[in-house]
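I opened this notebook to record what I looked up in the structure. The entries follow in the order in which I made them.

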Amino acid sequence: MKVLVGVKRVIDANVKARVKSDGTGVETANVKMAMNPFCEIATEQAVRMKEAGSVTEIIAASCGPAANVETLRTALAMGADRGVHVQTDAELQPLAIAKLLKSVAEKEQVQLVILGKQAIDNDFNQTGQMLAALLGWSQATFASAIEVAGEWLKVTREVDGGLEHVEVKLPAVVTADLRLNEPRYASLPNIMKAKKKPIDTLTPDALGVDVTPRLKTLKVSEPPARKAGIKVESVAQLVDKLKNEAQVI
Amino acid sequence: MSILFLVEHDNESLKSVTLRVASAAAKVAAVAGGEVHALVAGSNCAGAAAAAAKIAGVSKVLKADAPALAGNLAENVAPLIAKLAANYTHVVAASTTVGKNILPRAAALSDSQPISEVMGIEAADIFVRPIYAGNALARVQSSDAKKFMTIRGTAFEAAAADGGSATIEDVAPAGDAGLSKYIGSELTKSARPELTAARVIISGGRGMQSGDNFVMLERVADKLNAAVGASRAAVDAGFVPNDYQVGQTGKVVAPELYIAVGISGAIQHLAGMKDSKVIVAINKDEEAPIFQVADYGLVADLFKAVPELEVELDKALQQK
Ligand SMILES: Cc1cc2nc3c(=O)[nH]c(=O)nc-3n(C[C@H](O)[C@H](O)[C@H](O)COP(=O)(O)OP(=O)(O)OC[C@H]3O[C@@H](n4cnc5c(N)ncnc54)[C@H](O)[C@@H]3O)c2cc1C
Ligand SMILES: Nc1ncnc2c1ncn2[C@@H]1O[C@H](COP(=O)(O)O)[C@@H](O)[C@H]1O
């Protein structure tokens, strides 16, 4: 089966985001960018399924500005076969991205889409669920294990109380949780090979998708800072403070 | 028009987060106008519907009872919500794994862009939500005719579980879309309070070194009626199950007291606990970032400090 993975370019997970002083957003100039960690896990999953023989071709898609090609190259270096870049400088929100990915999924006739469960910049956690709705497909979100069983996928999901087991019919959308796998690092030869892999460029217009944002950001601000605390010298002092000062025990 | 919220339940009783969702829905109604209605979708869920009818501020409970609605399968529940949404201005669910799974699917069916993890309700169309692991707060305005949102439970007080006397109305149950099957769950069994509802939480990180060592934290938790949590590193290492994880991609908690033991304080962990009222950190590295958010920091070896904590707590609690 053919698989589509969605990869997003975000501020690197190790960088602490800084709010811009004018309150319009978060500083991205001269900030290290990387593939969203959950998208790495999604890509790794597709590559493992191809290595195991259940997947024939992996198409990586990324929607956004020109720089997203870098993110696609990372996916190609990890083992994706080709890339689709939906190029736009417009602000994209999950509903719009789901519509773009739907049209790519239909055009490429894939049977499975694997996305990350969440983009760590906007923390929306929506795109996979919305894509599944628009396609009328089944969905398995927050997956920590996937097994192909004929026309169905057996998926273990990470839920609030522990783990849940579901079976979803193909075609399906799956979103990857942290413990689905540990993504590989791309080797140098694979990075070189990735440079030659094809990337198609499309636009929202060409796909007939209106990406006008539905949410307008009025202001981005810093959360209230915590007051600096103190260091205690001993466990006895700690317990005394908790009892008599903070009065929480 | 009115506000509809999704009740989380086990068919018999309500999940505690539901009371917080109910109060968020009431807040929306206060600024947007309209009544607050509850949707109970499940299989043999009359008990849960009766409990929802007692929540203060709820005027009507819609009960959709059908075998296809067992197991919270999004493929079956979302179309029901999308259909009911015709009569509502806002649809609200919890930012739990159930709410996050179902609500965006229902929103997409209604061509609406949902708003995740709402922490503040400023107007019928203006909401505050965290982005970048809580390092920034975004104030957003929705232009959608119907607003779908998940709310962050810790940001809202719980509504009273008693005092309401809503009518219960049966709505046409959804059929089985035939796309998915709920097979079963492996739920962590614990006599302790739920992480998201606990007044005190003690969490362990990679510094704990093994799952067996979590027994030390359990002992302290026993004394404080606390829940036990963990960092991602501790979960990944297999010390404890996945549902212990606190953080950006785990659970968001805001107890009265959060005790972090052998946790360094990565931004992704802080995202899940920095709204706790009082934070205690026990770490042997005085440079650990967790100390920047801790009200009380103890630089110490946890293997010495935690057993001592147990003893000192005993003394302190006896004096009460
Ligand atoms: C996309 C993404 C999502 C993530 N989501 C989450 C999340 O939801 N929750 C989360 O927690 N993490 C999350 N992480 C991981 C996060 O970045 C950190 O790696 C993780 O929180 C580290 O866990 P830790 O503090 O237990 O381990 P470490 O960073 O290894 O820290 C261990 C600490 O224990 C201390 N220590 C060791 N031995 C002792 C001792 N004997 N006595 C006292 N102190 C001791 C050390 O000084 C150190 O500070 C995420 C990461 C990514 C990339
Ligand atoms: N711009 C994008 N291009 C491609 N895939 C995306 C994009 N934005 C989000 N996704 C996918 O959707 C997942 C969840 O994102 P979100 O719903 O924004 O939290 C990500 O992990 C990606 O797999």
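**Entry 1. A strand pair in chain B.** I began with a single residue pair: B:Ala123 has B:Ile126, in strand 7 of chain B, as its bridge partner. I worked throughout on a predicted model. I then looked up how many bridges join strand 6 of chain B to strand 7. There are three, and strand 7 covers residues 126–131 of chain B. The two strands run antiparallel.

**Entry 2. The sheet around that pair.** I next asked in which order the strands of the sheet are arranged. The order is 12(A)-8(B)-7(B)-6(B), an open sheet of four strands with antiparallel pairing. I noted its edges: strand 12 (215–221) of chain A and strand 6 (120–123) of chain B each have a single partner strand, so one side of each lacks a neighbour in the sheet. From one strand to the next, the twist averages 30°.

**Entry 3. A salt bridge.** I counted salt bridges over all chains and obtained 36. Side chains of opposite charge can pair when their charged atoms come close. I took up one pair, B:Glu117 with B:Arg152, in which the closest N and O atoms are 2.8 Å apart. B:Glu117 belongs to strand 5 (residues 115–118) of chain B, whereas B:Arg152 is in the loop between strand 9 (147–151) and strand 10 (167–170) of that chain, so the salt bridge ties together parts that are 35 residues apart in sequence.

**Entry 4. The site of ligand 2.** I asked how many residues surround ligand 2. The number is 19, and the closest are A:Gly6, A:Cys63, A:Ala119, A:Asn125 and A:Thr127. I then recorded three polar contacts to oxygen atoms of the ligand.

- The side chain of A:Thr127 places an N or O atom 2.7 Å from an oxygen atom of ligand 2.
- For A:Gly6, a backbone N or O atom is 2.8 Å from an oxygen atom of ligand 2.
- The side chain of A:Asn36 has an N or O atom 3.1 Å from an oxygen atom of ligand 2.

I also looked up the covered area: ligand 2 exposes 480 Å² when taken alone, and the protein buries 99% of that. Strand 4 (57–64), helix 3 (94–108) and strand 6 (112–116) of chain A are the elements that give two or more residues to the shell. Strand 4 of chain A gives the most, with three residues. By residue class, the shell around ligand 2 holds nine nonpolar, nine polar and one charged.

**Entry 5. The site of ligand 1.** I asked which chains surround ligand 1. Residues from chains A and B do, so the site is shared between chains. I found 29 residues around ligand 1, the closest being B:Arg206, B:Ser231, B:Ser264, B:Gln268 and B:Asn283. Again I recorded three contacts.

- An N or O atom in the side chain of B:Gln268 lies 2.7 Å from an oxygen atom of ligand 1.
- An N or O atom in the side chain of B:His269 lies 2.8 Å from an oxygen atom of ligand 1.
- A polar backbone atom of B:Val246 lies 2.8 Å from a nitrogen atom of ligand 1.

On its own, ligand 1 has 990 Å² of accessible area, of which the protein covers 84%. Helix 1 (37–51) of chain A and helix 6 (232–236), helix 7 (267–270) and helix 8 (302–318) of chain B each supply at least two residues of this shell. I sorted the shell residues of ligand 1 into eleven nonpolar, 13 polar and five charged.

Key:
Residues numbered from 1 in each chain as written. Chains lettered and ligands numbered in written order. Predicted model: local features only at pLDDT ≥ 70, side-chain atom pairs only at ≥ 80, totals over all residues. Heavy atoms only, no water. Near = heavy atom within 4 Å. Polar contact = N/O pair within 3.5 Å; in protein donor to acceptor, adjacent residues only side chain to side chain. Areas by Shrake-Rupley, 256 points an atom, 1.4 Å probe, with all protein chains shown as cover. Nonpolar A, V, L, I, M, F, W, Y, C, P; charged D, E, K, R; others polar. Pairing = 2+ DSSP bridges. Axes fitted to C-alpha atoms, helices over the stretch in contact; angles between N-to-C directions. Salt bridge = Lys/Arg side-chain N within 4 Å of Asp/Glu carboxyl O.
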